[in-house]
Amino acid sequence: MLFGIIIFQSGCSSGKGGNSGSPPVAPTGLTATAGNAQVTLGWNKVSNAAAYNVYWSTSSGVTPANGTKIPNVTTPYTQTKLTNGTTYYYVVTAINNSGESTASSQVSATPSGSGGASAPPSAPSGVVATPGNGEVVINWNTVSGATSYNIYWSTTSGVTTANGTKISGVTNPYIHTGRVNGTTYYYIVTAVNSYGESVASNQVFAAPSISGTPPAAPIGVTATPGNGQVTISWNTVIGVASYNVYDSTNSGGPYIKVSSATSTNHTISGLNNGTMYYFVVTAVNSYGESGNSTEVFATPTSGGTGIPAAPTGVTVEYITSFNFLFVSWNSVVGASTYNIYFSTTAGTEKTSGIPITGISRTSYSGTQSLTNGLIYYFVVTAVNSYGESAPSSEVSIVAGMPASPYSVTAASDCSGNVTITWYDWDSSVTSYNVYYSTTSGTEQTSGLEISGVTNTGTTITGLTKGTSYYFVVTAVNSVGESAPSPEVSVIAGTPPPPAVVSATAGNAQVTINWSSVSCATSYNIYWATYSGVSPQTGIQITSVTSPYLQTGLTNGVAYYYVVTAVDSYGEGAPSQEVYAIAGAYTYTVGTFPFGIAIDKSGNVWVTNNNVFGGGNTISEITYSGSTISSYTVGINPAGIAIDASGNIWVVNSRGSCLTCSSNGTVTELNSSGSIINTHAVGFTPTGIAIDASGNVWVTNNGGNTVSEITYGGSTINTYTVGFNPQGIAIDKSGNIWVVNSCGSDSTCSSNGTVTELNSSGNTINTYAIENQSWFSNLIGNIAIDASGNVWVTNNGGNTVSEITYGGSTINSYTVGFGPAGIAIDASGNIWVTNLGGTITELDSSGSTIDTYVGAGGLPLGIAIDSSGDVWVTNAYLSSIGSVTEYTGGLATGPQYWPYTGPIWP
């Protein structure tokens, strides 16, 4: 199998602290809370400690002399990969530059599969204190098993449960009113259940002020219709305790306030069935009310959904150089599919337009041969079991006219010059025009023009420092000039964004690094838990230095960051966005990491494919994560598998040549990375699997065959399968299953197939699946569950196919954009990496459990270890790739790698 799944726990946290000139005293208040295969330790912080060491043993009487040491940790600390039913004993010491303290008192805990049901809850995470006018709002993440929460506060840093003022039985969020503006207040939070109180959270602080800013508008707003009512839901806005909901029967308002809410969902009742209602939500704090959220809409009904409403928000792009049409629209409640109709005559109807029917998404992308210079008119309809909606408002385009450039940015430099950059996919474009002025609302007719730019960027000199400039960009080809891009602005003389920014995850923390800017006097960070963070939408951290450590985060949550530089003229443009998933550990490996497998000792083995040049190596990440070793194999290593003896088998798709004129090879290494043997196989081998008898099976993508290296490597047999075979897996009966990317023809114009072979290499059956055409020699993978059902990623169709046991039924399930790797966990859930930057988790019936953010630019291989941790290879299109271990949960939400132009669905 080309991609597997594996997981293990590793990583450490390091702390910083002062040096008092003498070693610190021993920590006090040590507690141990049992969980499922883990124990969480908590203790009171020591004032002059820089970090802490944990010593543990499975025998009572543990000391620094006889215990196993875990160095440089912070409180709380969770030790994972423990054995349920075994008692673990712990002591903790504090350290600084002058030495190590004596040990704390010993504590013990016994992990259990029930997750420690008879123990106090774990400490709250993600605690945030937000200042208001005479108040502080405290937010935190829900703790599993907690029945209530306590807050302890003080006006002196170092608040503990022993010295802080206690507020019992609070709910999230909690507003601490009656505070003195200008005074700093320090807080910790504990969780409580019938077995006791948790250890304390990390300390947070805030200083109320009479002046401040209203909150950002809520995001993630949805509207769900019911009988005479609509339920509105939205994402939490940090530091906000209340929200206002407004509605209207007209899109765009005017809106009427219908309710206030303290939770993030609210049901509006007393509405008229059959009437379309439009809703916006605002957030409120002591400084005022945010702007409106994005508008959502819904139509209450008394029974069935009825014929859906006409789609809104229709947009059309046509890329002449690809004959590529892209149409998108807003989702319609109750719609199951959508139809597009287009023609060269205004007033397009369902009866007169050329139809594109049965679209299951809110966008369409595909090739269409339109005539340059002609005007085409488009409408979209929504369809369900009750019928087809009226057409949307008509949208027209001139075929061949270039689309507007997108992702336009403007950044000044220390000399006052401004560089404008943009993106464009259309190769028919011959040049670009840039228009700019000192007044917002720049158009082609009003701005100063820089014409005939042939690159996707230009620098404008001679500007006045301290003055704001506004810019738009148009594209030009033989048909004409596009509409202007969205306007961007910058103050000339502000510093450029830091060129290199990175975010590295740790346990409940993220470290942000950036390169220095010569004229900057300070830097600001803006962060959020959603992609697209900006100085306008993110939470600001001012006057920081690199590296900056953000603590108190929630493991499994993705945090997004941009950095700006500041000088005497103001704040510069934001850097490129970076993000990290707290608790997700990332390991740097070779170029274009591809296949992944985990041996029985928990070591992770990764092929570095070298598709863009590199080392032709495999990487070994040891179980503890402390060592990454590199071993040379053949050219362009791809699939990887490990046999029962612990030997590693690697497919080298280019064998011993760079021209692909000879056959490929398979390298066999021992567990120390030493080469045992090299076996010649067919042309461009890709996938690999090993059967119960130790025979090695390899797909030969360029030769339309499968090679069998018999046990011991004495014989190599070759069997014919379909076109462009890729992934391979072996079922419990010893039958071999092969994904063929192109079905029955070599042009990839038809759907793919799966070939089932017996152990003698004879074809048992062939099954038709969906399209496998894109990146056909890299992906299109296969896994088999415990029931014998076969699961296949269909990269060209954005789906997963399930061939049920016995081959009687083939089901199709939608996943993310560009599904690639696939693996199945111990619970029977199916995990799929998507080239769009996400990971989809399905249950055994094909229903999506959740979609998670991938921590890399191009998630490919996936494997799951015996602890249930998920491992993913991240094939960045740059010099270095990485492997991410998700130990604290994955982050929910869409994240798309990195192309956002109109030709991507």
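**Unusual backbone spots in a predicted model**

Asn636 lies in the loop that links strand 52 (628-632) to strand 53 (637-642). Keep in mind as you look at this residue that the model is predicted. The backbone of Asn636 is worth a pause: its phi is near 60°, a positive value in a residue that is not glycine. Is Asn636 buried or exposed? Its relative accessible area is 8%, and because buried means under 20%, Asn636 counts as buried.

Now move back along the chain to strand 43, where you will find Ser543. Ser543 also has a positive phi, of about 50°, although it is not a glycine. What is the relative accessible area of Ser543? The value is 57%, and since the exposed class begins over 50%, Ser543 is exposed. So the two residues with positive phi sit in opposite classes: Asn636 is buried, whereas Ser543 is exposed.

Stay in this region for a moment and follow the chain out of strand 43. The loop between strand 43 (539-544) and strand 44 (548-550) holds Pro547. Which residue is joined to Pro547 by a cis peptide bond? That partner is Ser546, and omega of the bond is about 0°.

A second cis bond can be found further towards the N terminus. Here the peptide bond runs from Asn172 to Pro173, with omega near 0°. And where is Pro173? Look in the loop between strand 12 (165-170) and strand 13 (174-177). Both prolines, then, are placed in loops between two strands: Pro173 between strands 12 and 13, and Pro547 between strands 43 and 44.

Definitions and conventions. Residues numbered from 1 in each chain as written. Predicted model: local features only at pLDDT ≥ 70, side-chain atom pairs only at ≥ 80, totals over all residues. Heavy atoms only, no water. Helix = DSSP H or I, 4+ residues; strand = E, 2+ residues; numbered from the N terminus. Buried < 20%, exposed > 50% of the residue type's maximum accessible area, 1.4 Å probe, protein only.
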